[in-house]
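I opened this notebook to keep track of what I looked up, entry by entry. The entries follow the order in which I went through the model.

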Amino acid sequence: MIKKLVTIMLCLFWFTVLFILVKGLFFSAGG
Amino acid sequence: MVKIKSKIGWTVVIILSLSPLVSWYFALQPFEARIGNSYAVWTSLGQIAGLVGFTMYAIDLVLNTRLKFLEDYFGGMNRVYIAHHTLGGISFMLLLMHPLLLAASFLTYSSEEAALLFLPGDDWARNLGITALSLMMALLLLTFYRNLPYQIWRFLHTLMGVVFLIGILHSFFIASDISREPFMMYHMLFFAVLGVGAYTYRTLLGRFFVKRSFYSLVVVKQLNKNTVEIILKPLKNPFVYKPGQFVFVKFKNAGINEEVHPFSISSASTEQQLVLTVKAEGDYTKNLVNLMAGATAVMEGSFGRFTYTNYANTQQIWIAGGIGITPFVSMAKELVSTPQYKVDLYYSVHDQEEAVYLSDLQKIAAANANFRVIPVISTIQGRLTVDTIEKGSGRLDDKDFFLCGPPPMMHSLRGQLRKRKVKSKNIHSEEFQL
């Protein structure tokens with residue numbers, strides 16, 4: 001159970017981090 | 001009473017884990033300012049995730065110490081380890097949330113600032129945070145998802161303490177409420193010291209602090225194609241144990257890997273020799289038949305609360321599935337010294353060959369009118385159900401039940417017993433998920 005939750009959380013983490021990195025570094029107003 | 005006490009562990013863990021919320025609430029800025037706008041709300045949530053995650057990490061290191069007092073508050077060392085596993089997972093998820101929530105607060109005014117949060121920069125304290133989280137993820141991925149050789153797995157798990165140390169440096173040196181507000185600093189310092197103390201006691205200086213017993217291997221007896229009995233005699237610091245308990249064992253210079261594993265005791269506490277019964281399921285346990293006589297067994301124990309004399313009700317039903325018979329063998333051997341207990345043991349096995357202890361138990365039953373053994377061979381009689389038990393032993397609601405076997409079997413029987421109005425406090429089980 002906890003292993004499944006951790007797996008889901010890890011996927012969400014990386015998805016969000018990649019999204020923030022791409023948005024912040026390539027699509028921000030100043031970037 | 002035993003059951004109530006065993007619930008306290010989780011209650012204390014939850015209260016301690018959430019305690020940083022109190023010092024966070026009373027930190028420098030007024031509470032209203034911390035929820036005044038979306039930036040403040042995301043920042044507050046990020047801080048709380050970090051503080052609670054850090055605290056849980058520290059408590060998790062304490063749960064890993066195998067200190068015996070923990071057993072009383074969780075209902076056995078096996079349950080302490082289940083709590084350790086669960087708390088570690090929750091702590092990890094909160095620590096993952098910590099930078100995400102802080103990034104969300106930055107996103108309210110600059111997506112570039114938010115992105116830079118995840119990249120190393122000039123702030124060494126933040127870099128340490130990135131290092132700790134990256135290391136934690138790498139270690140967790142390797143230990144959770146890869147079937148690594150035991151020594152490597154153990155070494156990687158040991159490094160989780162190093163991650164905690166890096167996390168401490170990050171928490172105390174980054175510009176935050178911990179570095180600004182003394183009350184919060186001392187609060188978190190308490191948990192930092194607790195975690196470091198636990199890690200030092202168990203991992204760094206375990207060889208000096210942790211009490212170990214030494215036994216010598218007499219012989220390994222093969223009971224059937226995948227079950228062995230390991231018979232040992234005491235050499236130094238023999239431990240005292242109750243029937244139904246288990247020990248952590250490592251064999252040295254024995255011709256097999258020096259791994260630490262928990263094994264159930266199947267001898268009576270009054271016997272001179274210690275007997276462990278093991279089912280060969282993994283690479284290590286399959287190798288146990290190759291143990292050499294005279295090898296030294298280093299033991300830590302004894303652990304577990306699965307002992308019939310811990311409960312006052314003398315009318316008991318014991319239910320064993322397969323190798324789950326081991327603690328009951330130990331208990332059955334001791335029944336003669338506690339004649340007030342009246343026990344029916346249901347021994348569920350797949351086939352006759354799996355019933356390795358049936359004849360021994362039948363001999364004990366023949367000499368004790370208060371003990372009955374009822375074998376249930378599932379390939380012939382079908383699965384053991386509560387109906388079978390009721391037919392064999394009469395009313396259920398006045399008895400205590402002890403379950404040890406495969407998890408699906410225990411889960412099913414527990415559910416059936418609860419449907420028949422057997423109180424949860426009267427159902428005791430031993431889970432092997434260490």
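**Entry 1: chain A.** I count as helices the DSSP runs of H or I with at least four residues, and as strands the runs of E with at least two. On that basis I find one helix and zero strands in chain A. I note here that the model is a predicted one. Along its principal axes, the C-alpha atoms of chain A fill a box of roughly 45 × 5 × 5 Å. I also looked up burial for chain A, and 32% of its 31 residues count as buried.

**Entry 2: where chain A meets chain B.** I asked how many residues of each chain are in contact with the other. The result is 17 residues of chain A and 25 residues of chain B. The two chains bury about 1900 Å² between them, and 86% of that is on carbon and sulfur atoms. I then looked at which residues supply the area on the side of chain A. A:Ile2, A:Phe13 and A:Ile20 supply 31% of what chain A buries against chain B, more than any other three residues. Sorted by class, the side of chain A that touches chain B holds eleven nonpolar, four polar and two charged residues. I searched for salt bridges between chain A and chain B and the count is zero. My search for polar contacts across this interface, with both residues at pLDDT 80 or more, also gives zero residue pairs.

**Entry 3: helix H10 of chain B.** I checked the length of H10(B), which runs over residues 160–173. Its 14 residues should span 20 Å at 1.5 Å a residue, and the end C-alpha atoms are 20 Å apart, so the two agree. Is H10(B) mostly covered or mostly open? I find H10(B) mostly covered, with ten of its 14 residues buried. Among the buried ones I list B:Met160, B:Val163, B:Phe164, B:His170 and B:Phe172. Several helices of chain B take part in covering these buried residues, including H4 (38–63), H6 (77–107), H8 (124–145) and H12 (182–204).

**Entry 4: salt bridges.** Over all chains I get 14 salt bridges. I went through some of them one by one.

B:Arg66 and B:Glu300 meet through their side chains, with 2.8 Å from N to O. This pair links distant parts of the chain, 234 residues apart. B:Arg66 is in the loop between H4 and helix H5 (69–74), and B:Glu300 is in strand E6 (residues 296–303). Why do I call B:Arg66 buried? Its relative accessibility is 11%, and the cut-off for buried is under 20%. B:Glu300 counts as buried too, because its relative accessibility is 7%.

B:Lys221 forms a salt bridge with B:Glu229, and the closest N and O atoms are 3.7 Å apart. I have B:Lys221 as partly exposed at 41% relative accessible area, whereas B:Glu229 is buried at 9%.

B:Asp398 pairs with B:Lys399 in a salt bridge, with 3.3 Å between the closest N and O atoms. B:Asp398 counts as partly exposed at 30%, and B:Lys399 as buried at 9%. I also note a network in which salt bridges that share partners join B:Arg34, B:Asp177 and B:Arg180.

**Entry 5: B:Ala355.** I found B:Ala355 in the loop between strand E8 (342–349) and helix H16 (358–366) of chain B. B:Ala355 is buried, with a relative accessible area of 13%. Setting aside neighbours within four places in sequence, B:Ala355 is in contact with B:Tyr347 and B:Val349. B:Ile323 is 32 residues from B:Ala355 in sequence, and their C-alpha atoms are 8.8 Å apart.

**Entry 6: backbone details.** Which peptide bond did I note as cis? The bond from B:Gly301 to B:Ser302 is cis, with omega near 0°, and B:Ser302 is in strand E6 of chain B.

I then looked up positive phi values. B:Asn237 is not a glycine, yet its phi is about 50°. B:Asn237 is in the loop between strands E2 (227–236) and E3 (246–252) of chain B, and is partly exposed at 35%. B:Lys421, also not a glycine, has a positive phi of about 70°. I place B:Lys421 in the loop between helix H19 (407–419) and strand E11 (427–429) of chain B. B:Lys421 counts as exposed, because its relative accessibility is 67%.

Conventions. Residues numbered from 1 in each chain as written. Chains lettered and ligands numbered in written order. Heavy atoms only, no water. Contact = heavy atoms within 4.5 Å. Buried area = accessible area lost by both parts, 1.4 Å probe. Salt bridge = Lys/Arg side-chain N within 4 Å of Asp/Glu carboxyl O. Polar contact = N/O pair within 3.5 Å; in protein donor to acceptor, adjacent residues only side chain to side chain. Nonpolar A, V, L, I, M, F, W, Y, C, P; charged D, E, K, R; others polar. Expected span 1.5 Å × (residues − 1). Buried < 20%, exposed > 50% of the residue type's maximum accessible area, 1.4 Å probe, protein only.
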